[in-house]
Amino acid sequence: MGAAQAGPTRYPLTVQNCGAPVTFTKAPEKIVSIGQGMTEILFSLGLADKMVGTGVWVGPVLKPFEEANKRIKRLADNDPSFESVVGQEPDLVAAEFEWHVGTSGSVGKRDQFGELGINTYVSPADCVAKNNTTGGDGVRKELFTMDLIYRQISELAQIFDIEERGAALIAELKAREAKAVASIGTAGNSGLPIVFWFSSEELAGDAFIAGKNSAPAYILKTLGAKNVVDTEEEWPLVGWETIINADPAIIVIAEMDRRRYAADSAAAKIDFLENDSVTSQMDAVKNKRFVLMDAQSMNPTIRTIDGIEQLARGIIASGLAK
């Protein structure tokens, strides 16, 4: 049985997930969610009461879920241990990224969980047309689209037998995207060069910039703008000389609570851009054409729609919308 059936879920249900069949004999009752994007989708589907643990956080949870999130055990801000996850006795571990739960998962391998009778589900956005065996953030062979997030929502809704909730959430997200696109009018923005800067290991060193098939690339295509990077790596390290030569009209800067790298702070990023003798000469920097964007909106999540809305407002505010 596939994941495209209509009506109430009939169990056993088998879902093909990231190359592995996962069979559910009933709706899961205890979930550990690894990855903020996955957690927020589960919240959006009204599944907070089934969640017994979370891990891997970049920033604050979406405001509507603040109270629910306080009641759920946070196993770790970053990667939780395998022992801490199985200690919650979940019947489902849902992960946003294969590097956490996958063939060489940092939290655990899928067969490790399977041996304990625990099902695993990984976001299709992290494995469809994407190779995660290369290290780093992986290589995406095709442009990410929100269809992968909608597939995730649909599959989770079917797994939990809440398909009406899933359909309503997808309809809401699609309506928001259409409204953002209409607000800017994309016809005249084709080719407007924009760069997305997530972070850097060293502030003045090479920067983690969104690749050509990433979620930010989808945001740009949706709004008729152009990515200045042409590589299939999800978040390649790019030298500032290359970025300067591309002459971006707008620099989108990730905001996050995480402090793993020197440039995680948005304020530190802007300070570098404005005070470095070379980057300060960029037109976007001279004119302060910065768009601050929540880091989670740069990942393939429901917040990608927030990213479209934020960048649309930023383009309008910059005076570059046509």
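**Exercise 1.** In this predicted model, work out the volume of the second largest pocket and describe what lines that pocket.

*Solution.*
Step 1: Start with the space itself; the second largest pocket has a volume of about 270 Å³.
Step 2: Next, look at the walls. A total of 16 residues line this pocket, and Leu62, Lys63, Pro64, Phe65 and Asp306 are nearest its centre.
Step 3: Helix H6 provides the largest share of that lining, with four residues.
Step 4: Sort the lining by class, and you get eight nonpolar, one polar and seven charged residues.

**Exercise 2.** You have just met H6, so now find how H5 and H6 are oriented relative to each other, and list the residues through which they meet.

*Solution.*
Step 1: Locate the helices: H5 covers residues 147-159, and H6 covers residues 163-184.
Step 2: Their axes come within 7 Å and cross at roughly 165 degrees.
Step 3: Angles over 145 degrees count as roughly antiparallel, so H5 and H6 are roughly antiparallel to each other.
Step 4: The crossing of H5 past H6 is right-handed.
Step 5: On the H5 side, the contact uses Tyr150, Ile153, Ser154, Ala157 and Gln158. Their partners in H6 are Glu163, Gly166, Leu169, Ile170, Leu173, Lys174 and Glu177.
Step 6: Grouped by class, this contact holds six nonpolar, three polar and three charged residues.

**Exercise 3.** Describe the largest pocket by its volume and its lining.

*Solution.*
Step 1: The volume of the largest pocket is about 690 Å³.
Step 2: Among its 34 lining residues, Trp99, Asp137, Trp235, Arg258 and Arg260 are the closest to the centre.
Step 3: The lining of the largest pocket divides into 14 nonpolar, eleven polar and nine charged residues.

Methods:
Residues numbered from 1 in each chain as written. Predicted model: local features only at pLDDT ≥ 70, side-chain atom pairs only at ≥ 80, totals over all residues. Heavy atoms only, no water. Axes fitted to C-alpha atoms, helices over the stretch in contact; angles between N-to-C directions. Helix = DSSP H or I, 4+ residues; strand = E, 2+ residues; numbered from the N terminus. Parallel < 35°, antiparallel > 145°, perpendicular 65-115°, else oblique. Left-handed = near helix turned anticlockwise from the far one by under 90°. Contact = heavy atoms within 4.5 Å. Nonpolar A, V, L, I, M, F, W, Y, C, P; charged D, E, K, R; others polar. 1 Å grid on protein atoms, 1.4 Å probe; cavity = no way out; pocket = protein on both sides within 12 Å on 5 of 7 lines; lining within 4 Å. Points joined across faces, edges and corners; volume = space filled by probe spheres on them.
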